[in-house]
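Reader: I'm new to this, so can we go through the picture slowly? I'd like to know where each label comes from.

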Amino acid sequence: ESMQAFWDIEEVQAKAFQLLASFVREKSALPYLLRFTELISFAMKTHVDSLKLQVDGYSLLLEILSQALEQDVVMALGENVASSLLESVRKHAENEELLLLACTLLMMMSASEVAAENLRKVGVIPDLLSVLTNFLHNEKICLSGCGVLWSLAVSENNVDQALLRCAVPVTSAILQEHLQNGTVTESACLALWALSLQGCLTEDDYEPTTALLLDALRMNPERPALVKNACLALASLLRLSEISALRFITDSKGSGINLINDAYHLHLDDLEVVESICLLINEMVQYDEVVMDMLSQKMEELLSEIKSHVPSS
């Protein structure tokens, strides 16, 4: 009641945030806290010039959403909340601390189809791409941003293909920048896979993206989720174009065939990784030149090994 009665007084809203924050860790308080999400976001919108209130508001919403996830409570934040958060991002577009909190919250929100749709409605993609471009060096911002792009790209209600095409060079730049960070690379590979499935890559993207994905495999062979994501993205690219297939076998740093051979032997007990490798091989055999290269490298031995070890493949 005090929040609603004194919207225009920043100190009242700040004290309300503090009071709410003191209850966040009490599991029994969650049903009550969920009712405050719109009030919190409205207070942030009303006092959008106050950096401290924005940071405190984001932190509070993150705590509430984290508690909801821990307790398996569905929490789909509405369009008004999404609009308020985006206004805050635009107002404080240079503040790295706030943008990190914002991207983390957006990633958590986008896991809900309803919330993802609300983010799309308020126009989150251009602003997100701007943040990622300006803070390419920040691993945590890039990790969260790729997670949001993945959620938006795989959405059944996706109507933003033209906007998502703009995400391809940004995601590629993230992958290039953070190749040695397995967690970020894993997320970027997943985003590129989703973007390729949605037809967001152009012919000019096929070869450099294939090379980047091969570098990701080369530098992070021990990470099963990354290997799976990279193989799925490569399979999608090979399905789209022979250009990708030829780059896959002629890459100057080494053939992709050797990489997937090594990846299989590292992760032969991980069914999801093996299945992604099989999907990639299935796309490889579309092209005569690739088949010739597979035969020259005695890849039939690998196929026999996979078939005997994982009959379902």
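Author: Sure. The secondary structure here comes to 20 helices and zero strands. Keep in mind that this is a predicted model.

Reader: What are the spans of the C-alpha trace along its principal axes?

Author: They are about 75 × 40 × 30 Å. The domain assignment gives domain 1 (1-122) and domain 2 (180-312), and 40 Å separate the centres of the two, taken over C-alpha atoms.

Reader: How much of the protein counts as buried?

Author: Of the 313 residues, 51% do. As for contacts between residues at least 6 apart in sequence, 74% of them join residues at least 24 apart.

Reader: How do you know that the span of helix H5 agrees with what a helix should give?

Author: Helix H5 covers residues 51-70, which is 20 residues, and at 1.5 Å a residue they should span 28 Å. The end C-alpha atoms of H5 are 29 Å apart, so the two values agree.

Reader: Which residues of H5 are buried, and what covers them?

Author: Among the buried ones are Leu53, Val55, Tyr58, Leu61, Ile64 and Gln67. The cover includes helix H2 (10-23), helix H3 (30-34), helix H4 (37-46), H6 and H7.

Reader: Let's pick Gln67, which is found in helix H5. Why is Gln67 called buried?

Author: Buried means under 20% relative accessible area. Gln67 has 4% relative accessibility, so it counts as buried. Not counting residues up to four places away in sequence, Gln67 touches Val24, Arg25, Lys27 and Leu30.

Reader: And Met75, in the loop between H5 and H6? What makes it buried or exposed?

Author: Same test: the cut-off for buried is under 20%. Met75 comes out at 14% relative accessibility, so it counts as buried. Leaving aside its neighbours within four places in sequence, Met75 is in contact with Leu34, Thr37, Ile64, Leu65 and Ala68. Take Leu34: Met75 and Leu34 are 41 residues apart in sequence and 7.8 Å apart in space, C-alpha to C-alpha.

Reader: Then why is Ala93 called partly exposed?

Author: Partly exposed is the range between under 20% and over 50%. Ala93 has 30% relative accessibility, so it counts as partly exposed. You'll find Ala93 in the loop between H6 and H7. Beyond its neighbours within four places in sequence, it is in contact with Leu99 and Phe135. Ala93 and Gln18 are 75 residues apart in sequence and 25 Å apart in space, C-alpha to C-alpha.

Reader: What makes Leu163 partly exposed?

Author: Its relative accessibility is 34%, so Leu163 counts as partly exposed. Leu163 is found in helix H11. Leaving aside neighbours within four places in sequence, Leu163 is in contact with Ile125, Pro126 and Leu129.

Reader: Which residues of helix H12 are buried, and what do they pack against?

Author: In helix H12 (residues 167-177), the buried residues are Ala167, Val168, Val170, Thr171, Ser172, Ile174 and Leu175. They pack against H9, helix H10 (139-154), helix H11 (161-165), helix H13 (182-197) and helix H14 (203-219).

Reader: Why is Lys298 called exposed?

Author: Exposed means over 50% relative accessible area. Lys298 has 52%, so it is exposed. Its place is in the loop between helix H19 (288-296) and helix H20 (299-309).

Reader: What is notable about the phi of Lys298?

Author: Lys298 has a positive phi of about 55 degrees although it is not a glycine. Most residues other than glycine have a negative phi. Asp72, just after H5, also takes a positive phi of about 55 degrees.

Reader: How many cavities of 30 Å³ or more are there?

Author: The count comes to one, and the largest cavity has a volume of about 50 Å³. The residues that line the largest cavity include Leu86, Val89, Leu99, Cys103, Asp127 and Val131. Two or more lining residues come from each of helix H6 (79-91), helix H7 (96-110) and helix H9 (124-134).

Reader: How do the residues of that lining divide into nonpolar, polar and charged?

Author: They divide into nine nonpolar, no polar and one charged. Asp counts as charged, and Asp127 is one of the lining residues.

Terms used
Residues are numbered from 1 along each chain as its sequence is written. This is a predicted model: local features need pLDDT of at least 70, side-chain atom pairs count only at pLDDT 80 or more; totals for chains, interfaces and linings use all residues. Side-chain values use heavy atoms; hydrogens and water are left out. Domain bounds come from an automatic or database domain assignment. On a 1 Å grid over the protein atoms alone, a cavity is a set of points where a 1.4 Å probe fits but cannot get out, and a pocket is an open set with protein on both sides within 12 Å along at least five of seven lines; lining residues have an atom within 4 Å of a point. Grid points are joined across faces, edges and corners, and a volume is the space filled by probe spheres set on the points. Helices (H or I, at least four residues) and strands (E, at least two) are DSSP runs, numbered from the N terminus. The expected span of a helix is 1.5 Å times one less than its number of residues. Buried means under 20% relative accessible area, exposed over 50%, partly exposed in between (1.4 Å probe, protein chains only). Contact means heavy atoms within 4.5 Å.
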